[in-house]
Every structure is written in C-alpha cells, then in structure tokens.
Amino acid sequence: MSGQVRLDRDGEIAIITIDNPPVNATSQAVRAGILEALGGIGDARAVVLTAAGRTFVAGADIKEFANAPLEPHLPEVVLALAGCDVPVIAVLHGTTLGGGLELALGCHMRVAMPGTKLGLPEVSLGIIPGAGGTQLLPPLAGLERALEMITGAERVGAAQALEDGIVDAISDESDPRSAGLAAARQVLETGLPDRGAGKLDGRHPDDPVFGKMAAQLEKSARGQIAPQKAIEAVRRSLDLPLAEGMAAERALFQDCRKGPQRGALVHLFFAERAATKLKDGPEPRSFDTVGVIGAGTMGAGIAMACAAAGYETVIVDRDQAALDRALTRISGSHDRAVQRGKMDAAQAEAIAGRLRIATSYDALSGAGLVVEAVFESMEVKHAVFRELDRVLPEGAILATNTSSLDIDEIGSVTARGADVVGLHFFSPAHVMKLVEVVRAKGTSEEALSTAMAFSRRIRKVPVPVGMVPGFVGNRMLFHYGREAESLLEEGATPAQVDRVLRDYGMAMGVFAVRDLSGNDVGLAVRKEWRAHYPHHPFPEVIDAVVAEGRTGQKAGKGYFDYREGDRTPHDSAEVAAIIEAVAARRGITRRKIDDDEIRDRCVLALVNEGARLIGSGAARSAGDVDVVYRYGYGFPAWRGGPMYDADQRGLAEVLARTREFHDRLGPWWEPAPLLVDLAEAGRSFTG
Ligand code: 3HC
Ligand code: NAI
C-alpha cells in the first residue's frame, strides 16, 4: 500500500488512515491507497475512515489542478466507499473540505469531532465539487441548504453540520480513531442511523429554486462561472442516478478546471499564503493586551477586530465623547451581527467585555502592541508617540495607521525606532481584510514579524510593503484614478468609465467610489501627490467638481447626481458641462473613446505601477501586489489580480500597449523597467 494510506484492524473493524501531511490532500497516492485498502478489508464487518495529524482531508491537492488528473480519479474512490458491502464510517476532524467532505459523504455514516469545520469551498477556487459533493449533499442537507453551502463556499462548524444533517453525530471520544471505533461498534450493534424520509421528496429539476438562486448569484457573484455551474450540477442530482449524476458533475467540473477562472483563483490562494508569511522571519513576540489610540472611524474598527480575536483591548482618546461614540458604534455593529445570526449574544458580550476605554495613556502600561489611529498630522502623531514611548513596556510594538506620513519620522521622537512599524488598515477596518504592514527604514525584522502575526491573529490578510508614498495599494489606486480622470477630459463620461470597469469585474466604478468616499478628501490626497510628481501634468476635473460643491454622496451630488435616500448614481448635465469647460480651458479636443481604451488605460496603469513597485522592492512580488488589490480594492478575484491578469494577456502585448500610451500621452506611461525586462525576456510577473 502507498505510504500515504494505512490499513489496520481492531477486531471486526478495519481502520483506513490517510496520512499525507500537511493537510491530507487527496493526492494520487491517497486515492489509490484508499481503493487498495478497501480491497484489503477481508472479513471486517465495518470500516472506519480517518486521517492522521491535525485534520481530516482538506481537499484535493490544489497544485494538481493545472494538469490532467491521474487515475484513479476521486469520484471512483467515493463510489467505491458508497458501494462497500459493509458500513463505512468517516470520522472528521480539523478542516474537512472539498474532496475531503466528498469522501466522507460517500461513506455510510459521518461522525465529527467537536471543533471540526466542514464545507465545499470549490467555487472559491473557480471549480465545483467534482467528486459527488453536488449529488450527495442535497439529500442530507436539503436542496436550499446544499445550494447555499456549495455556491457560497460556506464552511460550517460541527454543531451546524449536525443540525443540517450532514453529520450523524458529534463524538465525545478523545481522538478520531477512538471515535471511529466507538461509532463502528454502535453500528454493528444497532445498525446505521435512520435518517427518516428523504429531504428531496417532491423536488424536481425544474424547481423554481434553481432559477431564483441563479438570478441572485448574477448579482452577488457577478462574473463568476463556477457558482452557476454548481447550480446546474445540483439540478442534475434530481433526475439522474448517483453514478450518472456524478458523471454529469464531473463534466461540469472539468469545464471549470480548464477555464481561466480556476487558474486565477488558485494563483490568489497560494499568493495569499505566501504574502501573509515571512520567509525565515524571527519568532513573533507574544502578548495579550493591545492598545488603540484614537477612537475615530479607523480606531473603533481596529479595536473591534482586536477584541473579536481575543485580545484585551484598550482604546485611548483624548476626547471622552469620541470614546463613548466608539463604544456605541461597536455595540450597534454587534447588535446587527447578532440579529443577522452572524454572532450569538454570548459572543458579542464576551467581545464587549474585552474592550476598555481610557483618556489616559497610563492605561496602556500592559500593552504588547499599540496601533495609533489619530488625526493625520505629524505634530499630533509626534505628541502621541512621545506618550507611547513614556508608558509602553520594553519590547512593545508601536504601530501607526498613517496613510501618508513618513513612519521613520513619526518614530523619531521615540527611543525605540526598531519597534516602530506601519499597520495600514482599510475602512471599514473591522470588515476589510487587507493590512499593509509597512517596513520603515528602522523597523526590525522582529517587529515586522510580530506585526504580521498580530494581523493574522485578528483575521486580516497582512502584506509587507516598503515605505514609499501611498505604500502599494493607494499608490496604484492613484495612477488608476488619475488615468480615469484624464479619460473624462479626453472625451469619456463618468458613466461610461464606471460601466467599463464594472464590466471588467470591479466591485464599483472609480467615480462611484470617489463619490462614496468624498471628493473633498480625494482632492486633498491629490494635492499631496502633486508634490511627488512635480513635472507631470495632472488632470483637473476633480478640482472643478469640488469647486462646485459636488463633494459626493454626502452632498447629494458628485461625479453623479443622487436622489434623496438613494445611492444610485445618475448622469449629471452639470458635470458634463464642468468636464467640457475643463477640457476647453486646457486645450484638449474631446473625442469618442472606445471601451477597450478605457479598460486598458485604467487596468494597465495599475499594472505598470505595480511593476515599478516590485522593481523597486517596495512590493516583494507580483503575488503580493495581487493580494493587496484583491483584498483592499474590490478587484475581481476571478481575474487573479492585475499582475496575474497582465500575464494572461501576455507581457509583450502589455508592453506594446504601454509604449503606445507613452508615445501618445506622455510621461505617466513610461514603461516600468521590470515590465520591459520581463516582456523582452518572454517571461511573466507570476510565472
Ligand atoms: N492542496 C494543496 N496544498 C494545500 C491544500 C490543498 N487542498 N490546502 C492547504 N495546502 C497547503 C498550503 O498551501 C500550506 O502550504 P505551505 O505550508 O507550503 O504554505 C499548507 O497546506 C498549510 O495550509 P495553510 O497555511 O492554509 O494552513 P491553515 O491551517 O491556515 O489552513 C486549511 C488549513 C483550512 C486546510 C486551508 O489551507 C484551506 O482552506 N485549504 C484549501 C482547502 C480547499 O479549498 N479544499 C478544496 C480543494 S478543491 C477540491 O477538493 C476539489 C474536489 O471537489 C474534487
Ligand atoms: P478620525 O478623525 O475619525 O479619528 C481620529 C481620532 O483621534 C479622534 O477620535 C480624535 O479625538 C483622536 N485624537 C486626535 N488627537 C489625539 C491625541 N493626541 N490623543 C488621542 N486621541 C487623539 O480619523 P480616522 O479617519 O479614523 O483616521 C485615523 C488615522 O487613520 C489617520 O492617520 C488616517 O490617515 C488613517 N487612515 C484612515 C483611513 C480612512 O479611511 N478613514 C484609512 C486608512 C488610514
């Protein structure tokens, strides 16, 4: 038998143990091993299927998807388990995902250890369950729940799985093997559990739920192929016997596997894991108490994330009213989470119990890390960092959430520059996953490693970046927005630009985003950028839009008009006139601009700047840039990120288009040296 699967006996019970670290993925050796083990159970009267290490099977081996799968295929193994003459009992622990759950669904009974998480996350990798998940889950969980779980890549805990009917019991034995043996003995005594009447009685393939779900996903999973294919696969389960249904599912799985979205999403899966780890980084420091300075928009959100992750969290603000407002906001957010069933009341209470407020810095004397989120002013930050230097214990990390100030300069008023680091969160900070972990010149490796570990613990996606204006994300965003605005002067309309970007897959168009975050704020940021590019021509539409009081949604008018109580953008005749006047004043003859040019100028502006950031070392890799853009800026995950998407197009073509823009539009478009080098060498950013 392969080294990755073992077979042994305990009396009448055969035990098959999968052992393929780190996550027991269903490699070819595992698949073959299970079949061989099933063939070797002899006169056993029951079989336990379990796995060694920290988890049952976490899925198919994602690295194998790019190649044609080797035999035996997973559906064959699932069918062999289902067809076994004696009862097969799967014992689930850790994370039982994808092909792992499918193996379990093929068995005759499932027992979960407490703390197990399970689900079919395939659509988040651009594929669908390909080994029976879409056929075997609906009869257990019911049509609606199965569709929800599969199309939403939902992971559920053991208690929820029991309630949904996906597992038959939660074991109180100490380990999976004992749990399996106990369950098998019970089955031998009293038979398999009776699941009662089928949950699919009376349901048929033209059930209206399929159409409803498909329409819903057109909106919530816009542009994604796999969730729609998954619905089709589930539909087939209603009119085909298992083996044929699985064959139909497999064909849909193969369509997805060979399609472009799988590659993009798998790239992001591995890019995220690489981005959030430091290679050979020193051991992070550990601590239980965190401080947050500033109880404003960002501070409240950051504090919420810290307390939710189990940190004792102290919020300090000089203004008692701001602290009170922060607590009210936090409890309001918790109440809504409880109402929506995302959290139970006891959890909300426990989180609130870990939050303290104070107007004095002395409350921070036990903090191992502090995140400063006060006004964006060097003077104010200096005042805060002097206080932090005074009260914090030795070894504490001093982090700043600044978006534009020099972090070395912020830390210069302390005697511990090596412990100063940037933690750039995104708004709303308790929701947005991205944190740019900014390495200032003085930041030590240990401080960086600690800041990364802390960010992971508060369930963020931390990406290390260098100390350059705008860091990685906002710097790319600046170039993207600037290009979009130039397109207005040259002849496009805000509605056209936003439509093209949404069609490309962006969560929102650039001008709708600006109207949401405030054009006055945008103009202030723009002014800072001028200082970094003194010799480049800047478009001037934003200046004129703000001058007319069109600050965005909060004013009921920005690049678009808004109606009372409605966030839908409407074209504005006034903005059209503003744009024409700006163009005329600047001597620009407006022309009709086609959609392809709009898409290329916005997206390739991201790519060229991304390449510059990688080339200069401010970003470590194209994968890091893609992760920043996916989690911070609503970039469509199924395109893999701007750098991956550029690779798919081919860097030779990307470079040619960039050069064309450079010739026509001037200095903003000078191709990044890295782009030139890679394109000319026939290489790619992510290859
Ligand atoms: N295939 C290959 N490698 C995998 C893997 C998989 N399915 N799942 C995890 N790994 C690797 C990771 O890349 C990482 O490798 P590294 O140490 O070299 O960086 C290592 O295992 C540990 O993973 P994490 O760092 O993510 O560890 P965590 O403990 O944080 O998380 C996990 C573990 C919850 C299992 C998480 O890795 C995860 O969600 N994995 C993906 C699971 C998944 O999507 N499964 C479905 C696959 S598709 C499928 O099964 C198709 C089928 O229907 C035919
Ligand atoms: P805010 O204005 O909402 O909150 C700032 C808070 O700091 C206020 O409650 C104020 O009372 C408090 N404060 C000011 N001086 C203080 C002092 N000396 N001691 C203690 N508390 C003091 O500001 P916001 O938007 O939360 O921004 C905070 C920081 O986060 C800024 O550096 C900003 O650049 C950065 N940032 C903001 C983002 C956003 O979208 N709002 C995104 C990313 C970073």
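A polar contact here is a pair of N or O atoms within 3.5 Å; within protein, one must be able to donate a hydrogen and the other to accept it, and residues adjacent in sequence count only if both atoms are side-chain atoms. The model is predicted: local features need pLDDT of at least 70 and side-chain atom pairs pLDDT 80 or more, while totals for chains, interfaces and linings use all residues. Residues are numbered from 1 along each chain as written, chains are lettered from A and ligands numbered from 1 in the order written, and side-chain values use heavy atoms, leaving out hydrogens and water.

**Exercise 1. Find which backbone atoms meet ligand 2 at Met-298, Arg-318 and Val-374, and how much of the ligand the protein buries.**

Step 1. Start with Arg-318: one of its backbone N or O atoms sits 3.5 Å from a nitrogen atom of ligand 2. At Met-298, a backbone N or O atom is 2.8 Å from an oxygen atom of the ligand. For Val-374, a polar backbone atom lies 3.3 Å from a ligand oxygen.

Step 2. Now the cover: ligand 2 alone exposes 840 Å², and the protein buries 79% of that (accessible areas come from the Shrake-Rupley method with a 1.4 Å probe; for residues, only the protein chains shown count as cover).

Step 3. Look around the ligand. It has 24 residues about it, the closest being Met-298, Asp-317, Glu-376, Lys-381 and Asn-401 (near means that a heavy atom of the residue lies within 4 Å of the molecule or strand). Helix 15 gives the largest share of this shell, three residues (helices are DSSP runs of H or I with at least four residues, strands are runs of E with at least two, and both are numbered from the N terminus).

**Exercise 2. Sort the shell around ligand 1 by class, and find which helix gives the most to it.**

Step 1. The shell holds 13 nonpolar, five polar and eight charged residues (Ala, Val, Leu, Ile, Met, Phe, Trp, Tyr, Cys and Pro count as nonpolar, Asp, Glu, Lys and Arg as charged, and the others, Gly among them, as polar).

Step 2. The helix you want is helix 11, with three residues. Strand 5 (95-97), helix 3 (99-106) and helix 11 (260-275) each supply at least two.

Step 3. Zoom in on the contacts. A polar side-chain atom of Glu-122 is 2.5 Å from an oxygen of ligand 1, and a side-chain N or O atom of Arg-155 is 3.1 Å from a ligand oxygen. Ala-60 joins in with a polar backbone atom, 2.8 Å from an oxygen of the ligand. The protein covers 77% of the 990 Å² of accessible area that ligand 1 has on its own.

**Exercise 3. Trace the order of the six-strand open sheet and say what packs on it.**

Step 1. The order reads 1-2-3-4-6-9, with mixed pairing (two strands pair if DSSP finds at least two bridges between them).

Step 2. Check the ends: strand 1 (5-10) and strand 9 (169-170) are the edges, each pairing on one side only.

Step 3. Strand 6 (109-112) and strand 9 run parallel, joined by two bridges; Ala-112 has Ile-170 as its bridge partner.

Step 4. Helix 1 (28-39) packs on the sheet, touching strand 1 and strand 2 (13-18), and its direction makes about 30 degrees with that of strand 1 (contact means heavy atoms within 4.5 Å; axes are lines fitted to C-alpha atoms, for helices over the stretch in contact, with angles from 0 to 180 degrees between N-to-C directions).
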